[in-house]
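Trainee: I've got a new model open on the screen and I'd like to learn how to read it. Could we go through it together?

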Amino acid sequence: MSQHYNRFLKLLERWPVDQSKIGRDLGQYLRDQLKAVLGGTNIIAVKDERLIKQYQSLENIVNDVHLRAHPRSLSSTATGLSGEHCREVLSSEFLEHLNKKGVFEK
């Protein structure tokens, strides 16, 4: 099982943590899940085939396999915003600003 743990660790080294999404970042979530699944006492309960499939899927994301196979022709999103603008809008700082303004109140 330690071989899986080491493979996942190497993969996560290439997966950045977005500091603008504290508590909501996928990279941090994956790290927390790795500790919960492979770092605890329940290692025996983990199925090898399932771990291998999950690892391969995450590796495809990290390596941009699908992005390269299906490149985007537009630089905007469905909202009309650029990727950078979407990152700014989804940041914890911006969401906190909206919350202070009362945007999310019912």
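**Reading the model, step by step**

Mentor: Sure. The accessible surface of the protein is about 8400 Å², and 55% of that belongs to carbon and sulfur atoms. Keep in mind that this is a predicted model.

Trainee: Then what is the average pLDDT of the protein?

Mentor: Here's the general idea: where pLDDT is low, don't read the predicted coordinates in detail. In this case the protein averages 82, and 89% of the residues score at least 70. Confidence is highest in helix α4 (residues 65–69), with a mean of 93, and lowest in α1, with a mean of 82.

Trainee: Next, the fold. How many helices and strands does the secondary structure come to?

Mentor: Six helices and zero strands. Walking from the N terminus, you meet α-α-α-α-α-α. As for contacts with a separation of 6 or more, 57% are between residues 24 or more positions apart.

Trainee: What about the inside? Which residues make up the largest nonpolar core?

Mentor: The general idea is that nonpolar side chains in soluble globular proteins tend to be buried together. Here, 19% of the 106 residues count as buried. The largest nonpolar core has 11 residues: F8, L11, L12, W15, L30, L34, L38, L51, Y55, L58 and V62. At least two of them come from each of α1 (2–13), α2 (26–38) and α3 (48–62), and α3 gives the largest share, four residues.

Trainee: Let me zoom in on one of those. Which residues is V62 in contact with, apart from its neighbours within four places in sequence?

Mentor: V62 touches L11, R14 and W15. L11 and W15 are also on the list of core residues.

Trainee: And on the outside, which residues form a nonpolar patch?

Mentor: L81, V89, L90 and F94 do, and together they have about 290 Å² of accessible area on the surface. Take L90, which is in the loop between α5 (83–89) and α6 (92–101).

Trainee: Why does L90 count as partly exposed?

Mentor: Because its relative accessibility is 42%, and partly exposed covers the range between the 20% and 50% cut-offs.

Trainee: Let me try that on E93. Is E93 buried or exposed?

Mentor: E93 counts as exposed because its relative accessibility is 68%, and the cut-off is over 50%. This residue lies in helix α6. Its C-alpha atom is 8.1 Å from that of K21, although the two residues are 72 apart along the chain.

Note on methods:
Residues numbered from 1 in each chain as written. Predicted model: local features only at pLDDT ≥ 70, side-chain atom pairs only at ≥ 80, totals over all residues. Heavy atoms only, no water. Patch = residues over 30% accessible without salt bridge, like charges linked within 9 Å, V, L, I, M, F, W, Y side chains within 5 Å. Areas by Shrake-Rupley, 256 points an atom, 1.4 Å probe, with all protein chains shown as cover. Salt bridge = Lys/Arg side-chain N within 4 Å of Asp/Glu carboxyl O. Helix = DSSP H or I, 4+ residues; strand = E, 2+ residues; numbered from the N terminus. Buried < 20%, exposed > 50% of the residue type's maximum accessible area, 1.4 Å probe, protein only. Core = buried A, V, L, I, M, F, W, Y, C linked by side-chain atoms within 4.5 Å. Contact = heavy atoms within 4.5 Å. pLDDT = per-residue confidence, 0-100.
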